[in-house]
2 protein chains.
Amino acid sequence: MSDATTTTTRLRDELRRRGQRVTPQRLAINAVVESLGRRHVTVDEVFALASDRVPGISLPTVYATLDLLEDVGLLRRVATEGGAAVFDTRTDAHHHVACRRCGAIVDIDATVDSAELLRAAESMGFIPDDTQVVVRGVCAVCAATPRAA
Amino acid sequence: MSDATTTTTRLRDELRRRGQRVTPQRLAINAVVESLGRRHVTVDEVFALASDRVPGISLPTVYATLDLLEDVGLLRRVATEGGAAVFDTRTDAHHHVACRRCGAIVDIDATVDSAELLRAAESMGFIPDDTQVVVRGVCAVCAATPRAA
DNA sequence: CTGGATGCAAACTCTTTGCATGCAT
DNA sequence: ATGCATGCAAAGAGTTTGCATCCAG
């Protein structure tokens, strides 16, 4: 059983459950996301790859579908601040380091105890569904670069 | 000794140290940030308030100066994902909860042990300078709202 | 059939850039 | 005097919206 089958099924079921349509575009975008393995993707990237599978697919559809996949839980939006949206095909708990100079975003696998944080959030009536840590700084490559931007 | 005097001095000293200019615009924007107390601000908000102090100040100058204040450490950029930039006048360690529906961003004061995370980042050559946790979910107000957007 | 999804294009928001002027140093 | 910072305006990037058409259910 491939993951592709698994997530396609998950998407199908979830759409039916919501009374939404299972369209070729949605399945194609999910297939693209699936095919990428575990990494970060931009909207443009998905658009380009989805265009190969469904010629004529439009950018607004890609935006809408990525939002949908995030909502379903098949995709996670990375908390970068500003700039282009970045989605993460890894939906399991992990965190990110972002370079202030080159903008690179790299996964960090480390456990962070956010129990107290979540308790605090919940105590104010918040219903959390995603917790991610963003570490900002300068990456190794940029740090090695004299002082250019 | 007011905080205003303190941060104005910090800004002045830092600018001199860098060989950059101490301009009325920079001081005014810093004064605006100072006057707001501890809260979140958008670029437009700062622009409007700074315009009262320095009529004719321009938006590009506000952008540049907010970046400068962030660099100096007098301001922190909130890791929202996409949309308008949000700056935090609180520069001490704390975290945020962001509502997916209304976009509200609220401070969370809770300790999070990010030692392992920082070690992992540093082990890959990263030089971290800011760590913030973003909890996404639905706020109390939106959760109470039937199902509208 | 019927309504939600799509494609297209345009609009919109936020942010950055280029250049001439001005002012801090 | 010197050149960085500013103001203005325009461009640029990313995202969203409106509407007619189309197709999944």
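In this predicted model, the lining of the second largest pocket draws at least two residues from each of several elements: strand 6 of chain A, and helix 4, strand 2 (76-77) and strand 6 of chain B. The space in this second largest pocket is about 550 Å³. Its lining consists of 17 residues, and those nearest the centre are A:Arg100, B:Asp67, B:Glu70, B:Asp71 and B:Asp129. Sorted by class, the lining of the second largest pocket comprises 11 charged residues, 3 polar residues and 3 nonpolar residues.

The largest pocket holds about 1000 Å³ of space. It is lined by 38 residues, with A:Glu70, A:Asp71, A:Asp129, B:Arg100 and B:Arg136 closest to the centre. Both chains contribute elements with at least two residues each in this lining: from chain A, helix 4, strand 2 (76-77) and strand 6 (127-138), and from chain B, strand 4 (95-99) and strand 6 (127-138). The lining of the largest pocket divides into 13 charged, 12 polar and 13 nonpolar residues.

The protein also has residues around two DNA strands. DNA strand C is surrounded by 19 residues, of which A:Arg21, A:Thr23, A:Gln25, B:Tyr63 and B:Ala85 come nearest. Among the atoms of DNA strand C that lie within 4 Å of the protein, sugar or phosphate accounts for 66%, and the rest belong to bases. Phosphate oxygens of DNA strand C are approached from both chains. In chain A, a polar side-chain atom of A:Thr23 is 2.8 Å from a phosphate oxygen of this strand, while A:Ser58 places a backbone N or O atom 3.0 Å from a phosphate oxygen. In chain B, the distance from a polar side-chain atom of B:Tyr63 to a phosphate oxygen of DNA strand C is 2.4 Å. The surface near DNA strand C receives two or more residues from each of helix 2 (24-35) of chain A, helix 4 of chain A and helix 4 of chain B. Of these, helix 4 of chain B provides the largest share, 3 residues. By class, the residues of this surface are 10 nonpolar, 6 polar and 3 charged.

Around DNA strand D there are 19 residues, the closest being A:Tyr63, A:Ala85, B:Arg21, B:Thr23 and B:Gln25. Of the atoms of DNA strand D that come within 4 Å of the protein, 69% are part of sugar and phosphate. On the chain A side, an N or O atom in the side chain of A:Tyr63 is 2.5 Å from a phosphate oxygen of DNA strand D. A polar backbone atom of A:Ala85 is 2.6 Å from a phosphate oxygen of this strand. On the chain B side, B:Gly56 has a backbone N or O atom 3.5 Å from a phosphate oxygen of DNA strand D.

The elements that supply at least two residues each to the surface near DNA strand D are helix 4 (59-72) of chain A and, in chain B, helix 2 (24-35) and helix 4 (59-72). Helix 4 of chain A makes the greatest contribution to this surface, with 3 residues. The surface near DNA strand D contains 10 nonpolar, 6 polar and 3 charged residues.

Methods:
Residues numbered from 1 in each chain as written. Chains lettered and ligands numbered in written order. Predicted model: local features only at pLDDT ≥ 70, side-chain atom pairs only at ≥ 80, totals over all residues. Heavy atoms only, no water. Near = heavy atom within 4 Å. Polar contact = N/O pair within 3.5 Å; in protein donor to acceptor, adjacent residues only side chain to side chain. Helix = DSSP H or I, 4+ residues; strand = E, 2+ residues; numbered from the N terminus. Nonpolar A, V, L, I, M, F, W, Y, C, P; charged D, E, K, R; others polar. 1 Å grid on protein atoms, 1.4 Å probe; cavity = no way out; pocket = protein on both sides within 12 Å on 5 of 7 lines; lining within 4 Å. Points joined across faces, edges and corners; volume = space filled by probe spheres on them.
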